[in-house]
Amino acid sequence: MKNIFYPLIAVSVLPACKSTIEKEQDLPNVIIIYTDDVGYGDVGIYDGKIPTPNIDRLAQNGLMFANAYAPAATSTPSRFSLLTGEYAWRAPGRHVVNADMPALIEPGKETWPLVMKRAGYATSVIGKWHLGFGYDNVTNWNGKLKPGPLEVGFDYAWLIPSTNDRVPTVYVENHRVVNLDPDDPIEVNFREKVGNRPTGYDNPEMLKMMYSHGHDQTITNGISRIGYMKGGESALWRDEDIADVLVDKAVDFIDRKQEKPFFMYFAPVDIHVPRIVHERFQGVTPFGPRGDMMVQLDWTVGALVEALEQRELLKNTILIFTSDNGPVLDDGYVDYAAEMLGDHNPFGHFRGGKYSALEAGTRVPMIVHWPGKIQTAQVSNALFSHLDFLASFAAFLGVDYDQEAALDSKNHWETLVGEKDSGRDGLVVQAVMNVLAYVRADGYKYIVPGPDTRFVPWAMEIETGFDTDKQLYNIIADPREKENLAAKKPLILLELKKELDEIINKNVD
Ligand code: NG6
Ligand code: CA
């Protein structure tokens, strides 16, 4: 019964129905802006107080989702699932990875960019990667970073290798570190110090921004990071310039690829720590660096829209704006995010946040903009998971895909473009430490019993939502997940548990 993908059949599908060229010219470009740590309530149109007029405009002229979920409450597993259509928790090791970890998506695996390529698209990833490189446990930053994005479906890559708070703080273009001097090779170590660069713990007086937890190792550009780094001086980025550089690279790619429809996975590091924005955005909001970075992100969105408009491409481009996980205030640097919050509420009407099994961990803003095709100012209440882009685009483009590999991706194309107000029946989200929760369209949510983190220092700082007992909530009636219904509604609990078990066991046959 399984629909297995046969590459030979798939490539012959398009030319059979229409000439490839003709067909490709009709196809819309696709850009997904996959932001970092932007909360449900961080966007103006989702009731945020930070001005985000450019993002809001996408929703005013498009479709805004109230019930869209990132697959996980941290970056790596969300990005893995977004690109592969498979829940990250199906195999070990797909948690937040350090920069020197091997490639998590193995070449040959089905991916969203491969689906797009099969339909004739030019594909690119610009921004945060965070999915590892190569086969070895220690990445050689001076050689070819392979396999990486180019081996799993992207034609072009301009990358922040992992996160903006981890070494190496250098850009990667395709297989190579950019501007690397071979006489000053890079060495990275996440266990012990390498090289002579000062560290945050030895030289806090050198810092632009003090660390609050972790983040006290090698200093580059006046900011101490996670990990130690030696060499690569000529390749170091300036955090203040990252937003501008990513926009430039995106526009360059658009200009190079106008003869084909393009797919761009655009992944800003905004608004992840360290929240060091360009000088022109410093202090523009009363909310401190976190607010300023949100304004910088809004500028980025505006700059991309303007670039498309100038090239008369906006009309024929599907723009998706969303986030890899929920919001966090103090994530390791003293930037007064909590102290300067004022009346802005990044968590929306939910509890939890980044890392958490509670709603704010994975319920994210999501906006889809497609002029002329999506009716304007729509709101969708459908349940939607980022896992579903792969199957939805495959269906829309009429190309086959490996349904066994992308087993968790479901075609919800009509939901995605606002032709239908219902979506998934249920979805799984993954909190930190692999704690799973199952959310159903009728509002019931089951959080699997988790580890006892009451006395774990980092967990005491955030609302993980973990409990050693079973938790059942009705997130429609009780979005703040206050009343545990597990004892009151044992049959519903059993039902959800059974459905989740079926999903978990799906790939074990
Ligand atoms: C954590 C870091 C956090 C952030 C996160 C990844 C510490 C104490 N915390 O380990 O600052 O980098 O990893 O964030 O080091 S994510 O959005 O990329 O998942
Ligand atoms: Ca993130």
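User: How many residue pairs are in polar contact between domain 1 and domain 2?
Analyst: Happy to help, and please keep in mind that this is a predicted model. Only pairs with both residues at pLDDT 80 or more enter this tally between domain 1 and domain 2. The number of residue pairs in polar contact is 12.

User: On the side of domain 1 that touches domain 2, how many residues are nonpolar, polar and charged?
Analyst: Let's start with how many residues are involved: the contact takes 17 from domain 1 and 19 from domain 2. On the domain 1 side, the residues split into 8 nonpolar, 3 polar and 6 charged.

User: Which residue meets Glu463 in a salt bridge?
Analyst: Between domain 1 and domain 2 there are 2 salt bridges. Domain 2 covers 435-504, while domain 1 is made of 28-177 + 236-424. The side chain of Glu463 has a salt bridge of 2.9 Å, N to O, and its partner is Arg351.

User: Which residues of domain 1 lose the most area to domain 2?
Analyst: About 1600 Å² is buried between the two domains, with carbon and sulfur atoms giving 58%. Three residues together make up 38% of what the domain 1 side buries. They are Trp89, Arg351 and Ala357.

User: How many Å separate the centres of domain 1 and domain 2?
Analyst: The centres are taken over C-alpha atoms. For domain 1 and domain 2, the separation is 27 Å.

User: What share of its accessible area does the protein cover on ligand 1?
Analyst: Nice one to look at in the structure: 18 residues surround ligand 1, and the closest include Ser75, Lys128 and Lys354. Oxygen atoms of ligand 1 lie 2.6 Å from an N or O atom in the side chain of Asp165, 2.9 Å from a polar side-chain atom of Arg166 and 3.0 Å from one of His272. On its own, ligand 1 has 450 Å² of accessible area, and the share covered by the protein is 82%.

Key. Residues numbered from 1 in each chain as written. Chains lettered and ligands numbered in written order. Predicted model: local features only at pLDDT ≥ 70, side-chain atom pairs only at ≥ 80, totals over all residues. Heavy atoms only, no water. Domains from an automatic or database assignment. Contact = heavy atoms within 4.5 Å. Buried area = accessible area lost by both parts, 1.4 Å probe. Salt bridge = Lys/Arg side-chain N within 4 Å of Asp/Glu carboxyl O. Polar contact = N/O pair within 3.5 Å; in protein donor to acceptor, adjacent residues only side chain to side chain. Nonpolar A, V, L, I, M, F, W, Y, C, P; charged D, E, K, R; others polar. Near = heavy atom within 4 Å. Areas by Shrake-Rupley, 256 points an atom, 1.4 Å probe, with all protein chains shown as cover.
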